[in-house]
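Trainee: I would be grateful for a close look at one helix in this assembly, followed by an account of the parts around it. Please keep the explanation formal and connected.

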Amino acid sequence: MLTINLFNGLVYGALLIIMCSGLALIYGLRRVVNFAHGSLYMLGAYIGYSIAGYSNFWVALVAAPAIMAILGVLLDRYGFRLLQDRDPLSVVLVTFGLLLVIEDFVLTVWGKSNYSMSVPAALNMTIDLAGTSVPAYRIAVIAMGALVAISLSLWLRNSKIGLFVRAASTDPTTTAMQGVNTDALSAGVVGLGTALAGLAGVVAAPFLSLSPSMSSDVIIDSFVVVVIGGLGSLAGAFIAAMVLGMIQALGAVYLPDAAALLPFALMVAILIWKPAGFAGSRT
Amino acid sequence: MSTSENKLVLDAQDVAIHYGGVKAVDGVSLALRKGQIHGLIGPNGAGKSTVIDAITGRRRLTRGKVSLGDVDVTELGPTQRRQLGLSRSFQRTSIFEHMLVRQQVELASYKMGVTDSGADADAILQELDLMNLSHAVAADLGYGEQRRLDLALALVGRPSVLLLDEPMAGLSVQESHDLAKHLQALTSRWDVSVLLVEHDMDVVFGISNVVTVFELGRVIANGEPAAVRADPRVRTAYLGSAA
Amino acid sequence: MSIQRTSITTVVALAVGVAVALGVGSNNVLSLLTQAVIYAVFAIGVGLLLRQNGMVSFGHALYFGFSGYLVGILLQLKVMPAEAAIVVTLLAVTLMAFVMGLVIVRVPGVAFGMLTLAIGQMFFLTASRSRGLTGGADGMSIEWPDTLFGVAQSQLLKPSAMFLICWVTLIVVLLLLTLLLGTRFGSITEAVRDNEERARFIGIQTLLPRAAIYALSATVTGVAGLLSALNTGFVSPENLHWSLSGVALMMVVVGGNKVLWGPALGAVVYFFAKDILGSYANHWMAIFGIALISVIVFSPSGIAGALAKLVRGQGAPGALARILRH
């Protein structure tokens, strides 16, 4: 019993990693708390569902995040960039407005009913893990989470663009003065962030059903992760995501009330004592 | 001009400020006398702002003593020193943007404990040519006017000493000239003594009774403007630095 | 605003309320207007925090719901008359907010917003799960007594009466806030909001005014919560949810926060969008979202601000222009 709960914790944690890395990246570069991130996750899931209907899961896995990336670039270019000199509240509320628009769009196009997306054939089996059988798909989810975490970390640490991203999130003005096209960079990073949200949606679809309340289910958890991990810090987000995943999964079974409150209590404590989060500065 | 006869209103003795291995200020002594304008010049990074911060209590001294008149204020915080009459303006204009001009000056006066804060505010606004802007929102003022408002906030409650950190920064030639005149009027009419950190040499040498020159945290010259200007060490310090 | 102008505006506003209460025949419309007015009070509370402290709260629904729950529990326990329960609830909300405020107003920027979000959600979860105390996810009905302040419940629950009660409350709240913010206290909070360092430098203790404004904004929101409890006779965890706080914030921004009554305008727009747009009402979310985005991009001081500019631009005579500018 414990194994399966721990396992589910890993699964949810992996999902949060994929989703929250996007949120952290957007915050790190644009200083925007993207309230629409949960809706983007949902939109990615629904788009993926439709694409999979015409072709298959694997195409959706690539196409949906790609579409979300384009949306992200547009969001940055025509939203965040134009509002960058305004006070932070304005931008946050614009993302809130975006949340409403996306929710309405999803309801209009796909309606209120829940959908389920079938697990791709290649992964439609169970595997024996330490005495319990677990769906292979969920193992793949964990693998995807790990893949995202590792690739992002390597990319940020070792690539030239990664260097620019880290520089721009610390000091955008100086970075721009050094000749880096910070606007293009921001558009790219935000695009990556929204793509990750969409990816999380597609990945989640086969094992969590699609419903219009998907976004609100995850958005708060995502904020908790990003805050506890340190606003803008990827490494922090990864760790916090796993921790939260574990708490949710274990807590749901053993201590439901405490488990629900604990992440928030942690978030409150951290925000009061160390508003920059326990990981401190970016990436 | 026997400047040493005037009463000593501000005395900084052997002030040193060290932090993290940096000796920002290293053994500086400054004497400000009543009714004088005392200019403080030096290249960027010489420690001038740090000394102002130390004198006003914004920074702790590593060593030294600061006296306001007869009172030793070394251990007192900025608010306490302000209450005793040691006021400053800020290098970057620091006003209350969304409040009305007279409203903020009156509030500052009230918080200083002035009984008739309205009259105090009006007198200051009159003195600084801001009366016609009394009911304007601070954010709507021009840059020069905002600098004057910053100064007005520093003048509530008639401080005895006023420390100005680059008050002419960003002002046009005319505005600098006008401000200089205001400062001179303040010292003669209001008995305020002024310590002035400035880069504008014309202003400093034009209105100061005494000039002190800083370099690398130390005083390298001190005296009447003409003498300081001619001092070879001062010329080297300015020619030698990149600033 | 002078005492004279304030008095005239107040009397006119009250008269308008009476006219609406008596003049509007449709109970549905009255009911809708009542809800709008309740949300207007809620939004004014949220807007007050933003206006005087420069702080954004994503958790003010906490006070909206909490006041409903507290008065409901007090009435259930039958420990005091309803009138006293109302007073006790407001005092409790104010005190709780002040104590919390002392701790949380020190947290800067977006972290404060996230903090209020987290605290609000904790209360939401607690209320959702405490079946015994709060009725859990199903909510709790509030047992108002047969007479309240001497008036029979049957009379109170009439749509026109309920609207008038809420409207009068709204006007009184605006009046009291206007008077309070015109005092020295108002100036002090503005100074702290504009430039905390300089405020401290001129001798202002910055923590207490900020906490006081936070508490005051909570009280106003609590008043809205009580009105809601009276209007619906019911409270549920949804009254505590962060999305409700978000809606209130939207009303503040769309209505405009430069004037005290701007958020009230935002509430009206919200309800108009939500209910009155007929067949398009299904898309009210998108409409409101777009309205929000448009306002932020094109008219940051909200609809009230745009109105003021319009009036000023046309050189309208003093009184109206000055009211809109206040």
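Mentor: Helix α3(C) is largely enclosed by the rest of the structure, because 14 of its 17 residues are buried. A residue counts as buried here if 20 or more other C-beta atoms lie within 10 Å of its own. This is a predicted model, and the statements that follow describe that prediction. The helix covers residues 61-77 of chain C. From its first C-alpha to its last, α3(C) reaches 24 Å, which is close to the 24 Å expected at 1.5 Å a residue.

The residue that follows α3(C) is Lys78(C), whose phi is positive, near 55 degrees. Lys78(C) lies in the loop between α3 and α4 of chain C. Most residues other than glycine have a negative phi. Lys78(C) has a positive phi of about 55 degrees although it is not a glycine. Its surroundings may be set beside those of the helix: Lys78(C) counts as exposed because it has 11 C-beta neighbours inside 10 Å, and the cut-off for that class is 12 or fewer.

Chain B offers a residue for comparison. Asp191(B) is likewise not a glycine, and its phi is positive at about 65 degrees. Asp191(B) is found in the loop between α6 and β8 (193-197) of chain B. Asp191(B) has 13 C-beta neighbours inside 10 Å and therefore counts as partly exposed.

The loop beyond α3(C) leads to α4 of chain C, and α4 brings us to the contacts between chains. Of the 2 pairs of chains in contact, chains A and C share the most contacts. Their contact takes 31 residues from chain C and 27 residues from chain A. On the side of chain C that touches chain A, the elements giving two or more residues are α4 (82-104), α5 (109-129), α12 (242-255) and α14 (284-298) of chain C. The largest share of this side comes from α5(C), with 12 residues. By residue class, the side of chain C that touches chain A divides into 25 nonpolar, 5 polar and 1 charged.

Chain C also touches chain B, in a contact that takes 15 residues from chain B and 12 residues from chain C. On the chain B side, α2 (78-83) and α3 (101-112) of chain B are the elements that give two or more residues. Of these, α3(B) gives the most, with 6 residues. This helix belongs to chain B and should not be confused with α3(C), the helix covering residues 61-77 of chain C. The side of chain B that touches chain C comprises 8 nonpolar, 5 polar and 2 charged residues. Chains A and B, by contrast, are joined by no contact, and their closest C-alpha atoms lie 15 Å apart.

Chain B may now be considered as a whole. Its secondary structure comes to 9 helices and 10 strands. Chain B is divided into domain 1 (3-85 + 160-240) and domain 2 (97-158). The C-alpha centres of these two domains of chain B lie 24 Å apart. The contact between them takes 7 residues from domain 1 of chain B and 7 residues from domain 2 of chain B. Helix α6 (residues 173-190) of chain B gives the most to the domain 1 side, with 3 residues. The residues of that side divide into 4 nonpolar, 2 polar and 1 charged.

The overall dimensions of chain B can be read against a simple expectation. A compact globule of 243 residues would have a radius of gyration near 18 Å, and chain B has 18 Å, so the two agree. Along its principal axes, the C-alpha trace of chain B spans about 50 × 40 × 40 Å. Buried residues make up 44% of the 243 residues in chain B. Among contacts in chain B between residues at least 6 apart in sequence, 67% join residues at least 24 apart.

Finally, a word on confidence in chain A. Chain A averages a pLDDT of 85, and 96% of its residues score at least 70. Among the elements of chain A, helix α2 (residues 37-54) has the highest mean pLDDT, 93, and helix α7 (residues 172-177) the lowest, 76. Over residues 277-283 of chain A, pLDDT stays under 50, and the model has 31 contacts beyond four places in sequence for these residues. Where pLDDT is low, the predicted coordinates should not be read in detail.

Technical notes. Residues numbered from 1 in each chain as written. Chains lettered and ligands numbered in written order. Predicted model: local features only at pLDDT ≥ 70, side-chain atom pairs only at ≥ 80, totals over all residues. Domains from an automatic or database assignment. Helix = DSSP H or I, 4+ residues; strand = E, 2+ residues; numbered from the N terminus. Nonpolar A, V, L, I, M, F, W, Y, C, P; charged D, E, K, R; others polar. Rg over C-alpha atoms; globule rule 2.2 N^0.38 Å. Expected span 1.5 Å × (residues − 1). pLDDT = per-residue confidence, 0-100.
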